[in-house]
Amino acid sequence: VPNTVHFPRGESKMPKSKRNKLVSLTKTKKKGKLIKDKLIDSVRESAANYSSVYLFEPENMRNNSLKAVRTAWSDSRFFLGKNKVMAHALGDSAASECQDNIFPLARRLVGDCGLLFTNRKKSEVVKYFSNYSELSYARSGFQATEDFKLEKGPLTLPFPIEPRLRKLGLNTKLDEGVIQLLAPTAVCKEGDILTPEQCDLLELFEVKMSYFRLNLVCMWSGGEFFEFDNGEDDTME
């Protein structure tokens, strides 16, 4: 008689499958609501504690560059994303606004934009953001600002990336550990709408064409709303 294994009553012989485990969405929804409520409270608190709020539009957005701006303006607060939530926090009508006459700014929270709350003078804010720009690598869809051509011959790049260069369209080969370009190649011409492959090549050869900027659109301060003309307005100090 073969040995048999007896399982206690109620105990399954098969291990429980993790695939069939049901996950409740209640906690996920609750967490999302908490995040939303926290953002609303933070925006309203900033509107009460800072003298001015500026709405800006990022150009050629780069997280590292934005981080540097945040550091330079550590005495102020930045908010990006979730436009509808931020507009709700500020109030998009005269009846719901959290500060007098701030609702026109809330209504401008559309598309790729953000908010800066600060106590610094308007002249300082305008001067900084009018002059600030950081050269960066172009992304797909950007219009090339210059010609970039590679000459036939050795390339000063590490040899392990040679297969990647061929995938990006370059006619290359390895010769004793050195990448050789077998023919002159125009990577892009001024005015080209860049493809992902062109952007990868420009970055590999450390060619930067685009600028990261934060363009001021409008502002609110002391119950008054102002719109900027091309990021500049000197009507109020």
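Hi everyone. Let me start right at one side chain: Lys33 is exposed, with a relative accessible area of 53%. Please keep in mind throughout that this is a predicted model.

So who does Lys33 meet? Its partner is Asp37, and the two form a salt bridge in which the closest N and O atoms are 2.9 Å apart. Asp37 is partly exposed, at a relative accessible area of 28%. Both residues sit in helix 1, which covers residues 26-49, and they are 4 residues apart, about one turn of that helix. Here is a bit of background for anyone who wants it. An α-helix has 3.6 residues a turn, so residues three or four places apart point the same way. And side chains of opposite charge can pair when their charged atoms come close.

Let me step back for the overall picture. How many helices and strands does the protein have? There are 7 helices and 11 strands. The protein has 237 residues, and buried ones make up 39% of them. Its accessible surface comes to about 15,500 Å², with 50% of that belonging to carbon and sulfur atoms. If you take the contacts with a separation of 6 or more, 76% of them are between residues 24 or more positions apart.

Back to the salt bridges. The count comes to 6, and I'd like to show you a couple more.

One of them brings together the side chains of Arg213 and Glu59, at 3.3 Å from N to O. This pair links distant parts of the chain: Arg213 is in strand 10 and Glu59 is in strand 1, 154 residues apart. Arg213 is partly exposed, with a relative accessible area of 28%. Glu59 also counts as partly exposed, at 29% relative accessibility.

Next, please look at Asp75 and Arg120, whose side chains meet in a salt bridge at 3.0 Å, N to O. Where do these two sit along the chain? Asp75 is in the loop between helix 2 and strand 2, Arg120 is in the loop between strand 3 and helix 5, and 45 residues separate them. Are they buried or exposed? Asp75 counts as partly exposed at 43% relative accessibility. Arg120, at 19%, counts as buried, because the cut-off for buried is under 20%. There is a third member here too: salt bridges that share partners join Asp75, Arg120 and Glu124 into one network.

Now for the backbone. Most residues other than glycine have a negative phi. Two residues in this model are worth a look with that in mind.

The residue I'd show you here is Asn60, which is not a glycine and yet has a positive phi of about 55 degrees. You'll find Asn60 in the loop between strand 1 and helix 2. With a relative accessible area of 25%, Asn60 is partly exposed.

The other is Glu206, again a residue other than glycine, with a positive phi near 55 degrees. Glu206 lies in the loop between helix 7 and strand 10. Glu206 is exposed, with a relative accessible area of 64%.

Since we are next to helix 7, let's see what that helix does. Which of its residues are buried? They are Gln198, Cys199, Leu201, Leu202 and Leu204. The buried residues of helix 7 pack against three elements, namely strand 5, helix 6 and strand 9. After helix 7 comes Glu206, the residue with the positive phi that we just met.

My last stop is a sheet. Strands of a sheet pair through backbone hydrogen bonds, either parallel or antiparallel. The one I have picked is an open sheet of 3 strands, in the order 6-8-7, with antiparallel pairing. Strand 6, residues 153-155, and strand 7, residues 172-175, are the edge strands, and each pairs on one side only. Ignoring direction, neighbouring strands of this sheet are turned by 45 degrees against each other on average. If you zoom in on strand 7 and strand 8, you will see them pair in the antiparallel sense over 4 bridges. As one example of a bridge, the partner of Asp175 is Val178 in strand 8.

That's my tour. Thanks for listening, and I'm happy to take questions.

Technical notes:
Residues numbered from 1 in each chain as written. Predicted model: local features only at pLDDT ≥ 70, side-chain atom pairs only at ≥ 80, totals over all residues. Heavy atoms only, no water. Buried < 20%, exposed > 50% of the residue type's maximum accessible area, 1.4 Å probe, protein only. Contact = heavy atoms within 4.5 Å. Areas by Shrake-Rupley, 256 points an atom, 1.4 Å probe, with all protein chains shown as cover. Salt bridge = Lys/Arg side-chain N within 4 Å of Asp/Glu carboxyl O. Pairing = 2+ DSSP bridges. Axes fitted to C-alpha atoms, helices over the stretch in contact; angles between N-to-C directions.
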